[in-house]
Amino acid sequence: VQLQACGGGLVEAGGSLMLSCAASGSTFSLDAAAWFRQAPGKEREFVAAITSTGSRTLYGDSVKGRFTISRDNARKTLYLEMNSLKPEDTAVYYCAAKHTILSDTRVFALQSDYDYWGQGTQVTVSS
């Protein structure tokens, strides 16, 4: 599986962005997926995760209520809708995927859970 993230950019505080992550390979519909981010000088942190079917989601405390993770398995694409952006959301955002089975309804929040990673897309929020 290869992941290609895009959609980052420069936005003013309070604005919105939609990130996309396109997956190659035939197993994406069976993959749990997530977004992580890494700000300069900080460790990579969990943002949001979703099950393979999209039935369950999980969010980091800092983005809860502002960000929405979703997926379109027919398009093999993962999304992150980001609203009410703050300067502290500035980071490189990475998408990640993990092979699961269809009946697995767990969401995964640890970096070590994930098998595949995209290259990252920069999000910069100006104050």
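**Strands, cores and charged pairs in a predicted model**

Valine 92 stands opposite glutamine 122 in β11. This pair is a handy way into the structure, which is a predicted model. β9 and β11 pair in the antiparallel sense, over three bridges. β9 also pairs with strand β10 (residues 116-117), again antiparallel, over two bridges, and here alanine 97 has tyrosine 116 in β10 as its bridge partner. A further partner is β4, which runs antiparallel to β9 and is joined to it by eight bridges. Within that pairing, arginine 37 is matched with tyrosine 93 in β9. β9 is mostly covered, with seven of its nine residues buried.

A second set of pairings centres on β8. Six bridges join β3 to β8, and the two strands run antiparallel; alanine 22 faces threonine 77 of β8. β7 and β8 are likewise antiparallel and pair over six bridges, with serine 70 opposite tyrosine 79 in β8. β7 and β8 form a hairpin, and four residues lie between them. In that turn, lysine 76 has a positive phi of about 55 degrees. Close to this turn in the numbering comes a charged pair: aspartate 72 forms a salt bridge with arginine 75, the closest N and O atoms being 3.4 Å apart. Aspartate 72 counts as partly exposed, at 25% relative accessibility, whereas arginine 75 is exposed, with a relative accessible area of 61%.

Turning to the interior, the largest nonpolar core has 28 residues. Those with the most contacts inside this core are Trp35, Leu78, Leu80, Met82 and Tyr93. The elements that give two or more residues to the core are β1 (2-6), β3 (17-24), β4 (31-38), β5 (45-50), β7 (67-72), β8 (77-82), β9 (91-99) and β11 (121-126). Apart from this core lies another, of nine residues, among them Ala34, Phe46, Val107 and Phe108. Methionine 82 offers a closer view of the packing: leaving aside residues up to four places away in sequence, methionine 82 touches Gly15, Ser16, Leu17, Leu19, Arg66, Phe67, Tyr93 and Val123.

The structure holds one disulfide. Cysteine 21 and cysteine 95 form this link, with their sulfur atoms 2.1 Å apart. The link is right-handed, with 65 degrees about the S-S bond. The pair links distant parts of the chain, as cysteine 21 belongs to strand β3 and cysteine 95 to strand β9, 74 residues apart. Both cysteine 21 and cysteine 95 are buried. What, then, of cysteine 6, and how far away is the nearest cysteine sulfur? Cysteine 6 is in no disulfide, and the nearest cysteine sulfur, that of cysteine 21, is 8.3 Å away. A disulfide requires the sulfur atoms to be within 2.5 Å. Cysteine 6 is partly exposed, with a relative accessible area of 42%.

The charged side chains deserve a look of their own. Side chains of opposite charge can pair when their charged atoms come close. A search of the whole structure finds six salt bridges. One of them connects glutamate 45 with arginine 37, where the closest N and O atoms are 2.5 Å apart. Glutamate 45 counts as partly exposed at 33% relative accessibility, while arginine 37 is buried, with a relative accessible area of 5%. In another, the side chains of arginine 66 and aspartate 89 meet at 2.7 Å, N to O. Arginine 66 lies in the loop between β6 (57-59) and β7, and aspartate 89 in the loop between β8 and β9, so the pair ties together parts that are 23 residues apart in sequence. Arginine 66 and aspartate 89 are both buried. Salt bridges that share partners join Arg37, Glu45, Arg66 and Asp89 into one network.

Aspartate 31, placed in strand β4, makes an instructive contrast. Which side chain of opposite charge is nearest to aspartate 31? That side chain is arginine 71, 6.1 Å away, and aspartate 31 is buried yet has no salt bridge. A salt bridge needs a side-chain nitrogen of Lys or Arg within 4 Å of a carboxyl oxygen of Asp or Glu. Not counting residues up to four places away in sequence, aspartate 31 touches Val1, Ser52, Arg71, Ala97, Lys98, His99 and Thr100.

Technical notes
Residues numbered from 1 in each chain as written. Predicted model: local features only at pLDDT ≥ 70, side-chain atom pairs only at ≥ 80, totals over all residues. Heavy atoms only, no water. Core = buried A, V, L, I, M, F, W, Y, C linked by side-chain atoms within 4.5 Å. Buried < 20%, exposed > 50% of the residue type's maximum accessible area, 1.4 Å probe, protein only. Contact = heavy atoms within 4.5 Å. Pairing = 2+ DSSP bridges. Lys, Arg positive; Asp, Glu negative; His and termini not counted.
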